[in-house]
Amino acid sequence: MKVAVLPGDGVGREIVPEAVKVLKAVSNGRFELELEYGAIGMSGVEATGKPLPDETLAMAQRCDAILFGSVGGPEYEQWLRKNKVRSGLLQLRRTLGLNANLRPVRPIRELASVSTLKPEVIDGLDMLIVRELSSDIYFGEPRGPVESANGERESINTMRYRESEVRAIAHVAFKAAQQRNRRVCSVDKANVLETMQLWRDVMTEVGREYPDVELTHLYIDAAAMALLRTPTRFDVIVTGNMFGDILSDEAAMLAGSLGMMPSASLAPGGKGLYEPIHGSAPDIAGRDIANPLATILSAAMLLRYTLKRETEAVLVEEAVRRVVAAGTRTGDIMETGCTQVGTRAMGDAVVAALAG
Ligand code: IPM
Ligand code: MG
């Protein structure tokens, strides 16, 4: 199996090596793993003048899976705006057809008091956010930069969904629910937006093909509130690209920290990109303090979904749980009585837990 490793920018360059350490440790003596490294984001611009260099895209296309860190930062955003180019990550998601973004929210019990919510509110929470990743207002046309119109600046983006796109993500959500607690909550804004009326209609139609799964609908504003009030009512949440982006950051607080939230972005053909849901965190980059666990847990998803190594995926998840339970913590999940460690030491601790 070939894995393209794309650390990207900011903390991506620190957390990805820790996930690679863990992948190497867990594969050692069990299966062959071939790693190839590529540049993306500002690192891609610096190396080749493009946020998604041709070599990186070719590598991503020929590999079975991609382990991704993060791209971003003020310099990068400025460069994209000036050159009117889309982020390398968005280009990659779109080009590879990565339409289904799975963001599991399964707080580690020992981290309950790190969350800003009361422990009894998140107790027993096990939820999966299925975010459509290749369409919506992120990619909808027409779109346009800021222009002068009637003496003031104006700009446009388009929320757009095709029936086939909604249908595809609906099937992913219902199939996931069949492996879980058989409940899907579709989140939209059908009370205001035509796009979202189509979303709701198609969800309802596809839902009829899964009589064993209960389908409910919530508007995004109500869903945002319910997620904090009674998060355990959810099993699978399925939603569009932008609402999924927002809800999953909100859900990260249920897990205690953005630094604990992994994700898998899957294409219908089976290709997978695995990345933490957080960004490049330029404010803490380069200081060996970022939490690598979201990326390590993303590597576990890579083992599960692309490599079909469920046993090894669980080994990694268990190792992470044991390390955190034992009180080894990065700053974002630090509590009194625990031991604060840096990025590299956290990676080492997970490797040690795998061995032990
Ligand atoms: C995410 C991120 C990205 C997104 C950014 C970095 C483009 O926030 O994966 O959630 O908005 O999709
Ligand atoms: Mg996001």
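This is a short walk through a predicted model, starting at the ligand and working outwards.

Okay, so keep in mind that what's on the screen is a predicted model. Let me start with the record. The unreviewed UniProt entry puts an "Isopropylmalate dehydrogenase-like" domain at residues 2–350. In the model, that span is 41% helix and 19% strand, and its end C-alpha atoms sit 23 Å apart.

Now, the ligand. Which residues are around ligand 1? They are R93, R103, R131, Y138, D245 and I277. Sort that shell by class and you get 4 charged residues, 2 nonpolar ones and no polar ones.

Let's take the arginines one by one. The side chain of R93 has an N or O atom 2.7 Å from an oxygen of ligand 1. For R131, the corresponding distance from a side-chain N or O atom to a ligand oxygen is 2.8 Å. For R103, again from a side-chain N or O atom to an oxygen of ligand 1, it's 2.9 Å. And how much of the ligand's accessible area does the protein cover? On its own, ligand 1 has 320 Å² of accessible area, and the protein covers 76% of that.

Let me stay with R93 for a second, as it has a partner on the protein side. The side chain of E275 makes a polar contact with the side chain of R93, at 2.9 Å. E275 is in the loop between β12 and α11. Is E275 buried or exposed? Its relative accessibility is 3%, so E275 counts as buried. Leaving out residues up to four places away in sequence, E275 touches F68, G69, L89, R93, P262, S263, S265 and S298. So R93 turns up twice, once with an oxygen of the ligand and once with E275.

Next, D245, which is in the ligand shell and also in the record. Under "binding site", the unreviewed UniProt entry lists D221, D245 and D249. D245 sits in helix α10, residues 241–252. With a relative accessibility of 28%, D245 counts as partly exposed, and that's because the partly exposed class runs from 20% to 50%. Setting aside residues up to four places away in sequence, D245 touches R103, R131 and Y138. Those three are also among the residues around ligand 1. With Y138 there's a side-chain to side-chain polar contact at 3.1 Å.

What about D221, another of the listed positions? D221 is in helix α9, which covers residues 220–229. Its relative accessible area is 46%, so D221 is partly exposed too.

Back to the loop that holds E275. H278 is in that loop as well, between β12 (272–274) and α11 (293–305). H278 has 13% relative accessibility, so it counts as buried. Outside its neighbours within four places in sequence, H278 contacts V11, I15, S70, L258, G259, N291, A294 and T295.

D288 is in the loop between β12 and α11 too, and it has a backbone oddity: phi is near 55°, a positive value in a residue that isn't glycine. D288 is partly exposed, at 23% relative accessible area.

There's another positive phi at K84, near 50°, and again that's not a glycine. K84 is in the loop between α4 (74–83) and α5 (88–95). Is K84 buried or exposed? At 66% relative accessibility, K84 counts as exposed.

While we're on backbone, have a look at the peptide bond from E141 to P142. That one is cis, with omega near 0°. P142 is in the loop between β5 (127–132) and β6 (144–149).

Last stop, A319. You'll find A319 in helix α12, residues 310–325. A319 is buried, with a relative accessible area of 0%. Apart from residues up to four places away in sequence, A319 touches V350, A353 and L354. And how far is its C-alpha from that of M242? The two are 77 residues apart along the chain, and their C-alpha atoms are separated by 33 Å.

If you want one place to zoom in, I'd pick the E275 and R93 pair, then step across from R93 to ligand 1. That's it from me, happy to take questions.

Notes
Residues are numbered from 1 along each chain as its sequence is written. Chains are lettered from A and ligands numbered from 1 in the order in which they are written. This is a predicted model: local features need pLDDT of at least 70, side-chain atom pairs count only at pLDDT 80 or more; totals for chains, interfaces and linings use all residues. Side-chain values use heavy atoms; hydrogens and water are left out. UniProt positions are given in the numbering used here, feature names are shortened, and annotations may be inferred rather than shown by experiment. Helices (H or I, at least four residues) and strands (E, at least two) are DSSP runs, numbered from the N terminus. Buried means under 20% relative accessible area, exposed over 50%, partly exposed in between (1.4 Å probe, protein chains only). Contact means heavy atoms within 4.5 Å. A polar contact is a pair of N or O atoms within 3.5 Å; within protein, one must be able to donate a hydrogen and the other to accept it, and residues adjacent in sequence count only if both atoms are side-chain atoms. A residue is near a molecule or strand if one of its heavy atoms lies within 4 Å of it. Accessible areas come from the Shrake-Rupley method with a 1.4 Å probe; for residues, only the protein chains shown count as cover. Ala, Val, Leu, Ile, Met, Phe, Trp, Tyr, Cys and Pro count as nonpolar, Asp, Glu, Lys and Arg as charged, and the others, Gly among them, as polar.
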